[in-house]
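This report walks through the fold and a few side-chain arrangements of one protein chain. Please keep the sequence and the structure in view while reading.

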Amino acid sequence: MTNDHGDTPQGTPAPRRVRDDAEYEMVAGAGVAALALPLGDVGGVAAAFLTPPVARALKFADEKFRRQSDSNVQTMLDEGASAAHLPADEFVDELASDPRRLICLVSAVEGAKATAYDDKIRLLGRALAAAAQEEEPTRIDEEQLFIEAVRRLEAPHVLLLKTIERHTVARPGGLDGATEKELAEEIGDYFAGRGILQPLLRPLEFHGLARLHGSPGAWDANIADDIPPGAGGVGKWVPTRFGRHFLQRLAEAERVEAGESDPARDTTTGFNWDV
């Protein structure tokens, strides 16, 4: 029995059309290669779709990105190894020896590869050191949450979190924070007056670092303990306990960078949720 065209029996899959021309081979290969290189394939794709000057520039940029990424990862691992009192290779082996620690390592490497924020690289390294020294699985999971937050943030996000912390004061009954108007005015100069407050606030909220009191639909013990009902009034941003620990670790990394602290001695391990 055939279909309406009378060329293929019904219920029989149509034969695949196999192309053996050069164009098909080039594009198919380029699709695979583009997944492997950060800036795309600079071979097949470049030959097919880019002018030679652009191809050369893209290849140079790709090589430069790879060198910078490798340097970032090395710096992160050196920072972590120093804090963990281990040679860098043994430090990596220790992280790879446990499934939870290995996830921390992979996430931290991804976060370090594509950033120009030095404090972020140091924070990731020190979080790996904390994970390497932890034996309790739930503590390692906490480090994984911390690493995931760090890898998603850049310098402007941290600037905003510091600003929120600076505006937050203790009042009878709870904390009083900063309105969005206050935050926009204070960080506006940093961004030449451009209004990009919301793209900075939302990652802080998503990762549990800051909280707008009075916003609906969110509750957990961390938030409930930090911001009692009615504290600060609607529309005030305050750092959560997790956000304050983030800033504490950042301050430690900054002291180490300034030579005011010993990275092998002053490394926060785990999170003390009772303070």
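## Overall composition

Two residues are taken to be in contact when heavy atoms of theirs lie within 4.5 Å. Among contacts in the protein between residues at least 6 apart in sequence, 65% join residues that are at least 24 apart. The model is a predicted one, and it contains twelve helices and four strands.

Of the 275 residues in the protein, 39% are buried. The accessible surface amounts to about 15,400 Å², and carbon and sulfur atoms account for 56% of that area.

## Helix α10 and its two faces

Helix α10 spans residues 197–206, and the residues Leu197, Leu200, Leu201 and Leu204 in this helix are buried. These leucines lie on the same side of α10, because they cover an arc of only 95° around the axis. The spacing fits a general rule: an α-helix has 3.6 residues a turn, so residues three or four places apart point the same way.

The cover over the buried residues of α10 includes the helices α8 (155–167) and α9 (180–187), together with the strands β3 (210–213) and β4 (236–239). On the face turned away from the buried side, α10 carries the exposed residues Pro199 and Phe206. After α10 comes Gly208, which has a positive phi, near 75°.

## His85 in a loop

Which residue has a positive phi of about 60° although it is not a glycine? The residue is His85, and His85 lies in the loop between α3 (52–84) and α4 (88–96). As background, most residues other than glycine have a negative phi. His85 counts as exposed because its relative accessibility is 55%, and the cut-off for that class is over 50%.

## An aromatic cluster between α7 and α12

The count of aromatic pairs comes to two. In one of them, Phe146 and Phe242 are arranged edge-to-face, with 6.4 Å from centre to centre and 85° between the planes. This pair links distant parts of the chain, since Phe146 belongs to helix α7 (residues 137–151) and Phe242 to helix α12 (residues 241–257), 96 residues apart. Phe146 and Phe242 are both buried.

Phe146 also pairs with Phe246, in a tilted arrangement with 5.8 Å between the centres and 50° between the planes. Because Phe146 lies in helix α7 and Phe246 in helix α12, this pair ties together parts that are 100 residues apart in sequence. Both partners, Phe146 and Phe246, are buried. Ring pairs thus link Phe146, Phe242 and Phe246 into a cluster.

## Arg249 beside the cluster

What sits over the ring of Phe146? It is the charged end of Arg249, which is 4.5 Å from the centre of that ring. Arg249 also forms a salt bridge with Glu143, in which the closest N and O atoms are 2.8 Å apart. This salt bridge again links distant parts of the chain, with Arg249 in helix α12 and Glu143 in helix α7, 106 residues apart. Arg249 and Glu143 are both buried.

Taken together, Arg249 has its charged end over the ring of Phe146 and a salt bridge to Glu143.

## Other salt bridges

The structure holds 20 salt bridges. Within helix α7, the side chains of Glu142 and Arg139 form one of them, at 3.6 Å from N to O. Glu142 and Arg139 are three residues apart in helix α7, which means that about one helical turn separates them. Glu142 counts as buried because its relative accessible area is 18%, which falls under the 20% cut-off. Arg139, in turn, counts as partly exposed because its relative accessibility is 31%.

Helix α9 offers a further example, in which the side chains of Lys181 and Glu185 meet in a salt bridge of 2.6 Å, N to O. Lys181 and Glu185 are four residues apart in α9, about one turn of the helix. Both Lys181 and Glu185 are exposed. A network of salt bridges links Glu180, Arg202, Glu205 and Arg211.

Conventions: Residues are numbered from 1 along each chain as its sequence is written. This is a predicted model: local features need pLDDT of at least 70, side-chain atom pairs count only at pLDDT 80 or more; totals for chains, interfaces and linings use all residues. Side-chain values use heavy atoms; hydrogens and water are left out. Buried means under 20% relative accessible area, exposed over 50%, partly exposed in between (1.4 Å probe, protein chains only). Helices (H or I, at least four residues) and strands (E, at least two) are DSSP runs, numbered from the N terminus. The arc is that of the directions from the helix axis to the C-beta atoms. Rings of Phe, Tyr and Trp (its six-membered ring) pair if their centres lie within 6.5 Å; planes under 30 degrees apart count as stacked, over 60 as edge-to-face and the rest as tilted. A charge sits over a ring if NZ of Lys or CZ of Arg is within 6 Å of the ring centre and within 35 degrees of the ring normal. A salt bridge is a side-chain nitrogen of Lys or Arg within 4 Å of a carboxyl oxygen of Asp or Glu. Accessible areas come from the Shrake-Rupley method with a 1.4 Å probe; for residues, only the protein chains shown count as cover.
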